[in-house]
Number of protein chains: 2
Amino acid sequence: MIRSVDNGKTTGPVIGVVGGGQLARMMCEAASELALDVRVLASAADESAPSTWRATTVVETLDAAALAEFAAGCDVLTFDHELIAPDVLEALESAGHVLRPSAAALAFSDKAVQRTRLAAAGVPVPRFDVVDSVADVERFAASTGGWPLVVKPPRGGYDGRGVYIVQSVDDVLDIVRATGGPVVVEELVRIDTEVAVIVVTGPDGTTVTYPAVETRQVDGICHDVVCPAGIDATVSVEAARVAERVASIVGAVGVLAVEMFVADGRVLVNEVAPRPHNSGHLTIEACTVSQFENHLRAVAGLPLGPSSLLSSAAMVNIIGTADAGDPAARRHHVLAVPGAHLHLYGKSWRPGRKLGHITVVGPDTGSALATARDALNRLDSDRDATMSS
Amino acid sequence: MIRSVDNGKTTGPVIGVVGGGQLARMMCEAASELALDVRVLASAADESAPSTWRATTVVETLDAAALAEFAAGCDVLTFDHELIAPDVLEALESAGHVLRPSAAALAFSDKAVQRTRLAAAGVPVPRFDVVDSVADVERFAASTGGWPLVVKPPRGGYDGRGVYIVQSVDDVLDIVRATGGPVVVEELVRIDTEVAVIVVTGPDGTTVTYPAVETRQVDGICHDVVCPAGIDATVSVEAARVAERVASIVGAVGVLAVEMFVADGRVLVNEVAPRPHNSGHLTIEACTVSQFENHLRAVAGLPLGPSSLLSSAAMVNIIGTADAGDPAARRHHVLAVPGAHLHLYGKSWRPGRKLGHITVVGPDTGSALATARDALNRLDSDRDATMSS
């Protein structure tokens, strides 16, 4: 199905990216440099990638028919998100289309599947169960020392949506009823540090592992990332080892992001995402080859590039605030901070929405993070907006 | 004319880039990250920028009417090349459009104007004259110690086209007749090193100067660039001083590239170009902020970013060869070299055409250049092409 990248007639496979968000846009930025033939399938013209990228198809909904038509013009499909239904993915593969990651790897997007399979393979995870009855919940609560517990519906969550800290059986069953099926219930781990490791896997099984980053979440949404993570060397080695083990279990071609808790010196896998990930945005400036370029290299069957860290780095997300308005109208505040690398996604402003990020490299994570936060504070200050209104 | 970047209604000026070549494409890559509203005016859909960038208008020819219509939808115009006739540029300014660089700065693209004005301002240049008669040529040859001499028609040359080393008065007059007007004639300088310095100027006159690079030309076309240049610190300081002086004379908002000869410890200005320049491509990986981003920042009236060199670096151009065919079909050879950053421009293959470049950073210019050349040699080897045919 995939045309040779070296047959002297074509210039490489046609790569279809399903979804037009910021991950697709940053893939397109990498694709432009390498002149890879990337096409985007988006569900709105004002999404992040379609606003800049020529080779975009916009459809009403990313349904089976739209995907089949898009796939017919591509040699390989990859994904901006995990929102496509498993049966649609399997039908594409049955029709002979190449998915990277595969439908089987994307099945790990289901949190119940993910937890169950990783635990079965002996990967350290928080204590959990998949429950839908009073008896199940009571048994699990009794086995873990009680409330509060964490509840996650298997599908559809992102940026803290879909993660609930609950105090009672009734709370759990409310979520079961609202989502229409079993949910993952798990112990509330007392976390020392949250880290993430990105592993990129080529179609031949070759892997490249990025250095562990430390992430800081507020209300479940990622706010800051620094690299290297502030953890002991032994924990760092363990995190890389666990992430590589998870990658081999999931079998995802391309980027796999593995989010982990560090608790009492132990590493527990929290969530995995088979796509470029917010925790890896700082690789654009801080690593030899970014997660976006390596994802595309893997998907295209090209050699993977080095993941080496060139310098300590920090990234802060630009999240829409109620006061400050569109950050694109205020980007000069960030650019005035020497060393602040601004990335805006071209998305319309809405409070709570990830609209961009700021990365600062070197000389150490503390000062890089301080500079990045300073730039963000200037962006979010409403002083100028008041002056110009 | 330029809408405020901070009025709370728009998200910055609409920037029109005239010309759709690789410089426009690399501007678009920077514009995507910053979510700047860049539109491209190109003369073919298969040019470098239009093949990736959505906001592109393709016209038959970049004539006065096409530019006027394009300018009407933009707040500020900038340029991928210097091929627009001066009277067209002046007419755009007279109609109230903002050009960055201005028509006056772009007038320096004429080599006779450039040489004459820089010399008049006391900038060190090779001995030259602007001639169109036997008497003029004989007088100049006698004053400089004779033949060979260098002849340059004032307009239209690039990549070594438009630079002639000639042996006689007849040769000079042949070029005068062929180009239909006076030509620049100059001494053939015995060059120790060729260097280039990029100066970026904001609309408020603020400047940022990049570290001097050393360039190596073959048949007048740039093959290799390394940074820092292999010149004494005093020469380096002098090159920066001269480039900043030239920038103040030319008055170009945005990038000005100043190519210089180093001869007997002296710096002589060879040519200037008021646009992002091949000698600055390595700034994408090697400097805090690239020449492309800083050019757009200047054009948009945004704060300029640091030009600091993060690491020694080398760049080699990918020039179409008769044997190897399209480099896009062979990009895996480059990507297999750790640390080789590949940039392909999406242009159709033609022998002698600049199709892309490869940049390698650190640890020193010698090893970076060796790695970059190794990657280029793998790309240009016809071994695989033979095997797959």
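A residue counts as buried here when its relative accessible area is under 20%, and that cut-off will help you read the views below, which all come from a predicted model.

**View 1. A:Val269, a buried residue in strand S14 of chain A.** A:Val269 sits in S14, which runs over residues 266-273 of chain A. With a relative accessible area of 1%, A:Val269 is buried because that value is under the 20% limit. Look around this side chain and you will find, leaving aside residues up to four places away in sequence, contacts with A:Arg115, A:Leu118, A:Val123, A:Pro124, A:Val125 and A:Pro126, and also with A:Val242, A:Val246, A:Val258, A:Glu259 and A:Met260. For a sense of scale, the C-alpha atom of A:Val269 is 25 Å from that of A:Leu304, a residue 35 places away along the chain.

**View 2. Helix H3 of chain A, with a buried side and an exposed side.** In this helix, residues 86-94, the buried residues are A:Val88, A:Leu89 and A:Leu92. They span an arc of only 100 degrees around the axis, which places them on the same side of H3(A). An α-helix has 3.6 residues a turn, so residues three or four places apart point the same way. Turn to the other side of H3(A) and you meet A:Asp87 and A:Ser94, both exposed. The cover over the buried residues includes helix H2 (64-72), strand S4 (76-79) and helix H4 (103-106) of chain A. Just after H3(A), A:Gly96 adopts a positive phi of about 100 degrees.

**View 3. Helix H2 of chain B and what it packs against.** B:Ala66, B:Leu67, B:Phe70 and B:Ala71 are the buried residues of this helix, which covers residues 64-72. Their arc around the axis is only 130 degrees, and this puts them on the same side of H2(B). Exposed on the other side of H2(B) are B:Ala65, B:Glu69 and B:Ala72. The packing partners of the buried residues are strands S1 (14-18), S2 (37-42) and S4 (76-79), together with helix H3 (86-94), of chain B.

**View 4. Salt bridges within the chains.** Over all chains, the whole structure holds 30 salt bridges. One of them pairs A:Glu187 with A:Arg127, with the closest N and O atoms 3.7 Å apart. A:Glu187 belongs to strand S8 of chain A and A:Arg127 to the loop between H5 and S5, 60 residues apart, so to speak of distant parts of the chain is fair. A:Arg127 is partly exposed, at 43% relative accessibility. In chain B, the salt bridge between B:Arg275 and B:Glu82 has its closest N and O atoms 2.0 Å apart. B:Arg275 is in the loop between S14 and H9 and B:Glu82 in the loop between S4 and H3 of chain B, so this pair ties together parts 193 residues apart in sequence. B:Arg275 counts as buried at 16% relative accessibility, while B:Glu82 counts as partly exposed at 22%.

**View 5. The interface of chain A and chain B.** Here, 46 residues of chain A are in contact with 46 residues of chain B. About 3,900 Å² is buried between the two chains, and carbon and sulfur atoms give 52% of that area. Between chain A and chain B there are zero salt bridges, but 20 residue pairs are in polar contact across the interface. On the side of chain A that touches chain B, H1(A) gives the largest share, five residues. The residues of that side divide into 20 nonpolar, 15 polar and eleven charged.

Definitions and conventions: Residues are numbered from 1 along each chain as its sequence is written. Chains are lettered from A and ligands numbered from 1 in the order in which they are written. This is a predicted model: local features need pLDDT of at least 70, side-chain atom pairs count only at pLDDT 80 or more; totals for chains, interfaces and linings use all residues. Side-chain values use heavy atoms; hydrogens and water are left out. Buried means under 20% relative accessible area, exposed over 50%, partly exposed in between (1.4 Å probe, protein chains only). Helices (H or I, at least four residues) and strands (E, at least two) are DSSP runs, numbered from the N terminus. The arc is that of the directions from the helix axis to the C-beta atoms. Contact means heavy atoms within 4.5 Å. Buried area is the accessible area (1.4 Å probe) that two parts lose on being put together, summed over both. A salt bridge is a side-chain nitrogen of Lys or Arg within 4 Å of a carboxyl oxygen of Asp or Glu. A polar contact is a pair of N or O atoms within 3.5 Å; within protein, one must be able to donate a hydrogen and the other to accept it, and residues adjacent in sequence count only if both atoms are side-chain atoms. Ala, Val, Leu, Ile, Met, Phe, Trp, Tyr, Cys and Pro count as nonpolar, Asp, Glu, Lys and Arg as charged, and the others, Gly among them, as polar.
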